[in-house]
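Below are some notes for a colleague who has not looked at this entry before. Please keep the sequence and the model open while reading.

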Amino acid sequence: MQRPIAHIAGLGVCIPTRVVTNHDFAERLETSDQWIVERTGIKERRFAAAHETVSTMARDATAAALARAGITAKDLSAIIVATASPDRPLPSTACLLQAQLGAENAAAFDIAAACSGFIYGITIAEGLIATGHGDHILVVGGEKLTAITDQNDRSTAILFGDGAGVAVVSKGARDGRGILSTFFKSDGRLADLLTIPGGGTADPISEKVVAERSHFMRMAGREVFKHAVLEMAEACDEAIRRAGVKPEEIDLMVPHQANIRIIDATAKHANVPLEKVMVTVDRYGNTSAASIPMALADAEASGRLKPGMLVLLVAFGAGFTWGSTVVRW
Ligand code: ACO
């Protein structure tokens with residue numbers, strides 16, 4: 001099938017207002033601003049308020065995206081929410097969002113691909129459009145990671161933040177521009193390196209689970225780091241190859257924002273100079289599935305993302321999962 005099949009018609013973002021700095025962590029945990037900045041590049045992150053959830057943050061982000069796309073919620077044929085921190089185990093956060101939006105003509109479902117979720121969502125949305133499932137699909141990356149992170153564990157607490165970013169994916173090309181390639185892949189053998197072991201049906205929530213704090217995220221940081229660098233490199237190569245473009249043609253790279261050292265290594269591998277790489281990890285930390293759409297919205301608002309640019313999106317996350325896309329913006 002001839003590409004572009006679809007394009008990104010509008011972006012929106014919800015950034016919680018509460019800023020938590022490294023100094024705030026250093027006041028109650030054995031850590032320091034210097035350690036966190038040197039190892040991760042993170043200076044601060046946002047924490048959602050108690051009343052904010054993935055669905056409410058996604059709802060708040062969606063208004064701007066629909067306006068930019070020139071459509072209403074009733075025009076959406078599907079809502080895909082990528083999240084590792086759903087509002088509830090049942091039903092999907094996408095259905096909760098659908099009700100809040102009044103998107104009565106849509107099918108709504110979640111996908112679980114951790115930090116790669118937004119790329120997976122774009123890939124699925126393009127496929128749905130290609131097979132005739134409507135003209136406009138809302139892809140959400142939303143996370144309330146502070147709710148699934150042990151705030152007393154210095155090795156994970158300092159990394160993660162909350163927020164949501166959304167994209168309207170619409171049928172056809174816009175002035176010849178649109179999605180040029182997608183790539184996604186997983187390796188479930190590595191599941192235990194980044195996991196929430198308790199609280200699912202394999203080990204349902206119980207006093208034991210809570211006492212062991214196994215309903216919170218566990219991560220083998222160094223192993224995750226090594227794989228992230230390798231898999232992000234493969235993802236860059238594949239999206240660029242499938243799009244039939246050259247690395248030097250990429251105008252803007254928007255990688256998953258986990259760690260500045262992973263971002264630097266990925267850009268170096270892809271041969272994209274750092275001035276063409278979007279970085280928000282210093283301000284928002286790692287917001288998992290939300291990080292790429294939040295960074296894209298940031299790039300657009302600050303004038304770094306303009307129509308006609310060749311944009312490379314690349315992600316890696318728990319599963320492990322990884323993926324990428326090249327878009328003529
Ligand atoms: N402050 C101070 N010291 C700390 C902290 C902290 N916040 N956290 C850990 N340490 C200590 C450890 O206890 C360890 O001490 P020890 O040597 O006495 O045992 C020491 O620092 C080194 O720990 P490492 O985990 O080996 O440190 P590393 O250099 O690997 O950095 C980090 C840790 C930042 C987590 C790094 O491994 C990393 O970024 N990994 C990738 C994580 C990631 O990107 N995850 C997300 C990808 S998937 C997704 O986004 C969900």
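Which residue in β6 does A82 stand opposite? The residue opposite A82 is G141, and the points below start from that pair.

1. Basis of the notes. This is a predicted model, in which local features need pLDDT of at least 70 and side-chain atom pairs count only at pLDDT 80 or more, while totals for chains, interfaces and linings use all residues. Residues are numbered from 1 along each chain as its sequence is written, and side-chain values use heavy atoms, with hydrogens and water left out.

2. Domains. The protein is split into domain 1 (6-176) and domain 2 (179-328); the bounds come from an automatic or database domain assignment. Between the C-alpha centres of the two domains the distance is 13 Å. Across the boundary, 49 residues of domain 1 touch 45 residues of domain 2, where contact means heavy atoms within 4.5 Å.

3. The five-stranded sheet. An open sheet with mixed pairing is built from five strands in the order β1-β7-β6-β4-β5. Its edge strands, β1 (6-14) and β5 (107-111), each pair on one side only. From one strand to the next the twist averages 20°. Strands (E, at least two residues) and helices (H or I, at least four residues) are DSSP runs numbered from the N terminus, and two strands pair if DSSP finds at least two bridges between them.

4. The pairing around A82. Strands β4 (residues 78-82) and β6 (residues 136-144) run parallel and are joined by five bridges. The facing of A82 and G141 mentioned at the start belongs here.

5. Helix α5 on this sheet. Helix α5 (residues 117-130) lies across β1, β4, β5, β6 and β7 (162-171). Its direction is at about 165° to β6. Such angles run from 0 to 180 degrees between N-to-C directions, with axes fitted to C-alpha atoms, for helices over the stretch in contact.

6. The four-stranded sheet. A further open sheet, also of mixed pairing, has four strands in the order β8-β13-β12-β11. Because β8 (178-186) and β11 (252-255) stand at the edges with a single partner strand each, one side of each is left without a neighbour in the sheet. On average, neighbouring strands here are turned by 10° against each other, direction ignored.

7. The antiparallel pair. Within that sheet, β12 (residues 310-317) and β13 (residues 321-328) run antiparallel and share eight bridges. One bridge partnership is that of V311 with V327 in β13. Helix α5 packs on this sheet as well, touching β8, β12 and β13; the helix direction makes about 120° with that of β8.

8. The ligand. The ligand is surrounded by 22 residues, the closest being R39, C115, R222, N259 and N286; a residue counts as near if one of its heavy atoms lies within 4 Å. Which residue has a side-chain N or O atom 2.5 Å from an oxygen atom of the ligand? That residue is N259. Polar side-chain atoms of N286 and R154 lie 2.6 Å and 2.9 Å from an oxygen atom of the ligand, respectively. A polar contact is a pair of N or O atoms within 3.5 Å. Taken alone the ligand exposes 1000 Å², and the protein buries 75% of that; accessible areas come from the Shrake-Rupley method with a 1.4 Å probe.

9. Backbone points to check. The peptide bond from R3 to P4 is cis, with omega near 0°, and P4 sits in the segment before β1. Another cis peptide bond joins G319 and F320, with omega about -10°; F320 is in the loop between β12 and β13. D175, a residue other than glycine, has a positive phi near 50° and is found in the loop between β7 and β8.

Technical notes
A polar contact is a pair of N or O atoms within 3.5 Å; within protein, one must be able to donate a hydrogen and the other to accept it, and residues adjacent in sequence count only if both atoms are side-chain atoms.
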